Amino acid sequence: MILYDYILSASCYKVRLMAALLGIKLDLVAVDFHPGRAHKSAAFRDLNPAGSIPVLVDGDLVLTESTAMLVYLAQIAGPQWLGEASPQSAARVQNWLAFSGRLNSSLGLARLHDMLHFPADITACRTAGHLCLRELEAHLTQVRLEGRIFLEGTAPSIADIACFPNVALAPDGGVELRDYPSVRLWQRAVRSLPQFIEMPGIHRLHDLKPAPHSGAAA
Amino acid sequence: MIPQAVLDQWYPVAMTSLVGPWPGRETQLLGRPIMVFKTQSGAVSVQTAQGQAVAVTLAYGHVWACLGTPAQDLFALPEAAQPGRRLVDCGVVRVKCSPLRAVENFLDIAHFPFVHTDVLGAEPHTEVGRYEVQIRDDVDEVWATKVHFYQPQAAKSAAGGIVTEYMYRVAAPTAAVLYKTCPNRTNEWDVIGIFVQPLAEDLCDVYPYMALFDDVTPQADLIHFQQMIFLQDRSILENQIPRLLPLDPGMEIPTQADLTSVAYRRWLKRKGLTYGAQVVAA
């Protein structure tokens, strides 16, 4: 399975993270998104007319939307990541996948603006980002009061993986997360998942690892 | 009021390959708006908002400008012209930090295991051994030599963990270069640089740069590797306090591993290069 990838892209990281959590090995093809803008080249548009990354190719299957890639990977290797089977739960997961698009066009664009000079109305991006975060905070606080931690149901799902990257990277775009304690705790839960991988701007939980030499009596 | 010594230095202002016709790249240098553009004859020009042309040098894939009277020629980097090396422009990344902090972070080794985990360093190999630091008066540069560090993946072309030897060099106030063990050629060094454009005292554009011996790795992979490393630093840099780099002792307590940083700060202070620095009156 080939992922056309950019190391700094939140959407590409979504797919890398999902694959890592599921134990799927991806063949990564680096696309010179910045500074080369290779994703806008004619050759790349032959693969994806939208000229966007990531692109996932598995045999004849070509996917150009990261949320669709999450569904595909989960269907192959971990259907429990699709959420619970009830119509309500399945639909709510889809709702979060669409919500992750809003995160991308607000927090994600603010980050590309601040970091890589993308043109954007930065104030509008950040305002829209805060609105998304308030929605997320309200939901996650309710979830915590019910004794749960993930977005949907009792276990992590593709909903969490879809929303996590742009939220965790929000400070890169000048949106601080200090006012969102439930969001912060949820992020910690995602970062604690077995086989979690980091990306630049999202560090692993050093503080949860055993200290070097502890119990190194052997 | 910007000190004259600051104005008389060279600073990177654009990647040469991306400079277009008027108005070109509209940016700023030391808080002043500038435009970097190609004239009709194809030459690269840098102008202030008042239409005044400033000194320009093209080197190492980048456009360098000086708002005052250049105190010296731009630093030499002979490796850039060495046959067989691949020059890799890694784009530009904006960071909300002092330009001097960006350079200082580049000079630091001790953070590798914690920020570049499993790539440039790994726990428990966190010790920075003794190394040598000099302010070389003949070239007016800061050098650190005989730096050794264990690295799980020192470069894109490294197959596994190796003890990497480094030399660090502050070649200009906001430009630093490191020389590190080349995984492919034992008798050569890989050259990696960081060129920092001071937009304001607490905001900069950073251009990572590489001149490597690596015939195999695709260009995009090399760019991704270097961007990965630098972007791991970005979130740290944006959260450093105080925002400006303290040049006087007392604000921050250096350790043995910080010798290069100590020398860099001393050198900046001696030369009066206080833009982006915090100076406590004596």
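What follows is a conversation about how two domains of chain B meet in a predicted model.

Colleague: How do you know where domain 1 and domain 2 of chain B begin and end?

Modeller: The bounds come from an automatic or database domain assignment, and for chain B that assignment gives 4-66 as domain 1 and 79-278 as domain 2. The C-alpha centres of these two domains of chain B lie 24 Å apart.

Colleague: What makes residues of the two domains of chain B count as being in contact, and how many are there on each side?

Modeller: Heavy atoms within 4.5 Å are what is required, and by that rule 19 residues of domain 1 of chain B are in contact with 20 residues of domain 2 of chain B. Between them the two domains bury about 1600 Å², with 65% of it on carbon and sulfur atoms.

Colleague: Why is the pair B:Arg25 and B:Asp205 called a salt bridge?

Modeller: The term asks for a side-chain nitrogen of Lys or Arg within 4 Å of a carboxyl oxygen of Asp or Glu; the closest N and O atoms of B:Arg25 and B:Asp205 are 2.9 Å apart, so the pair qualifies. The count between the two domains of chain B is one salt bridge, while 11 residue pairs across their interface are in polar contact.

Colleague: Which element gives the largest share of the side of domain 1 of chain B that touches domain 2?

Modeller: That is E1(B), with five residues, and the elements giving two or more residues to this side of domain 1 also include helix H1 (4-7), strand E2 (25-29) and strand E6 (62-66) of chain B. The residues of this side divide into 11 nonpolar, seven polar and one charged.

Note on methods: Residues are numbered from 1 along each chain as its sequence is written. Chains are lettered from A and ligands numbered from 1 in the order in which they are written. This is a predicted model: local features need pLDDT of at least 70, side-chain atom pairs count only at pLDDT 80 or more; totals for chains, interfaces and linings use all residues. Side-chain values use heavy atoms; hydrogens and water are left out. Buried area is the accessible area (1.4 Å probe) that two parts lose on being put together, summed over both. A polar contact is a pair of N or O atoms within 3.5 Å; within protein, one must be able to donate a hydrogen and the other to accept it, and residues adjacent in sequence count only if both atoms are side-chain atoms. Helices (H or I, at least four residues) and strands (E, at least two) are DSSP runs, numbered from the N terminus. Ala, Val, Leu, Ile, Met, Phe, Trp, Tyr, Cys and Pro count as nonpolar, Asp, Glu, Lys and Arg as charged, and the others, Gly among them, as polar.
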